[in-house]
Amino acid sequence: MTDTGPVEDPVGEDARITSLQQRLERAERDEKVRIGSTKQEPDDGSRLGNRVLAELIGGLVGGAVIGWVLDRLFGTAPVLLLVFLFMGIIVAFRNIIRISTERPKK
């Protein structure tokens, strides 16, 4: 006899079991993020916010530094600093408006 044990008929997949497995996996993933064993990926909103902040700070600081350096070179006290600072503000806001009007990628 070559009987190796009881043989069960294969049962088709049950939608409830599949759904339960998916919910369990999602709950385990959320729990890992909650306790800190897994990093949560930033969503698109936080990336966009960081990008806008970088544009704003970069425009202000870049304009101020360029204006300050040119003021030191040419000896024109605060004139070029103010001109380039305002130019940096204008460029930063232009970039922020351009970022905010982009169509989201899907």
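**Close-up views of a three-helix model**

**View 1. Asp71 sits in helix 2 and is buried without a salt bridge.**
This is a predicted model, so keep that in mind for each view below. Let's start with Asp71, a buried residue that has no salt-bridge partner. Arg72 carries the nearest side chain of opposite charge, and that one is 7.6 Å away from Asp71. A salt bridge needs a side-chain nitrogen of Lys or Arg within 4 Å of a carboxyl oxygen of Asp or Glu, so this pair doesn't make the cut. What does the side chain of Asp71 reach at 3.1 Å? Look for the backbone nitrogen of Leu80. Setting aside neighbours within four places in sequence, Asp71 also touches a run of residues further along: Thr76, Ala77, Pro78, Val79, Leu80 and Leu81.

**View 2. Ala77 lies in the loop between helix 2 and helix 3.**
Here we move to one of the residues that Asp71 contacts. Is Ala77 buried or exposed? Ala77 counts as exposed, because its relative accessibility is 59%. Asp71, by contrast, is buried. Helix 3, on the far side of this loop, covers residues 79-100. To get a feel for the spacing, find Gly67 as well: Gly67 and Ala77 are ten residues apart along the chain, and their C-alpha atoms are separated by 9.9 Å.

**View 3. Nonpolar side chains make a surface patch of about 850 Å².**
Which residues build this patch? The members are Leu53, Ile57, Leu60, Val61, Val65, Trp68, Val69, Leu73 and Phe74. Pick out Leu60 as your landmark; you'll find Leu60 in helix 2, which spans residues 44-74. Leu60 counts as partly exposed because its relative accessibility is 32%.

**View 4. Arg34 and Glu31 pair up within helix 1.**
Side chains of opposite charge can pair when their charged atoms come close. In this view, the side chains of Arg34 and Glu31 meet in a salt bridge, with 2.7 Å from N to O. Both residues belong to helix 1 (residues 15-35), and they are three residues apart, or about one turn of the helix. Arg34 counts as exposed because its relative accessibility is 61%. Glu31 is partly exposed, with a relative accessible area of 34%.

**View 5. Glu102 and Arg51 form a salt bridge between distant parts of the sequence.**
The side chains of Glu102 and Arg51 meet here at 3.8 Å, N to O. Glu102 lies in the segment after helix 3 and Arg51 in helix 2, so this pair ties together parts that are 51 residues apart in sequence. Glu102 counts as partly exposed because its relative accessibility is 44%. Arg51 is partly exposed too, at 36% relative accessible area. How many salt bridges does the count come to? The count is two.

**View 6. The whole protein is a run of three helices, α-α-α.**
Zooming out, you'll see three helices and zero strands. How much of the protein counts as buried? Of its 106 residues, 8% do. The protein exposes about 9,500 Å², and carbon and sulfur atoms supply 62% of that area. Now take the contacts between residues at least 6 apart in sequence: 50% of them join residues at least 24 apart.

Technical notes
Residues are numbered from 1 along each chain as its sequence is written. This is a predicted model: local features need pLDDT of at least 70, side-chain atom pairs count only at pLDDT 80 or more; totals for chains, interfaces and linings use all residues. Side-chain values use heavy atoms; hydrogens and water are left out. Patches are made of residues with over 30% relative accessible area and no salt bridge: like charges are joined within 9 Å, nonpolar side chains (Val, Leu, Ile, Met, Phe, Trp, Tyr) within 5 Å. Accessible areas come from the Shrake-Rupley method with a 1.4 Å probe; for residues, only the protein chains shown count as cover. Helices (H or I, at least four residues) and strands (E, at least two) are DSSP runs, numbered from the N terminus. Buried means under 20% relative accessible area, exposed over 50%, partly exposed in between (1.4 Å probe, protein chains only). Lys and Arg count as positive and Asp and Glu as negative; His and the chain ends are not counted. A polar contact is a pair of N or O atoms within 3.5 Å; within protein, one must be able to donate a hydrogen and the other to accept it, and residues adjacent in sequence count only if both atoms are side-chain atoms. Contact means heavy atoms within 4.5 Å.
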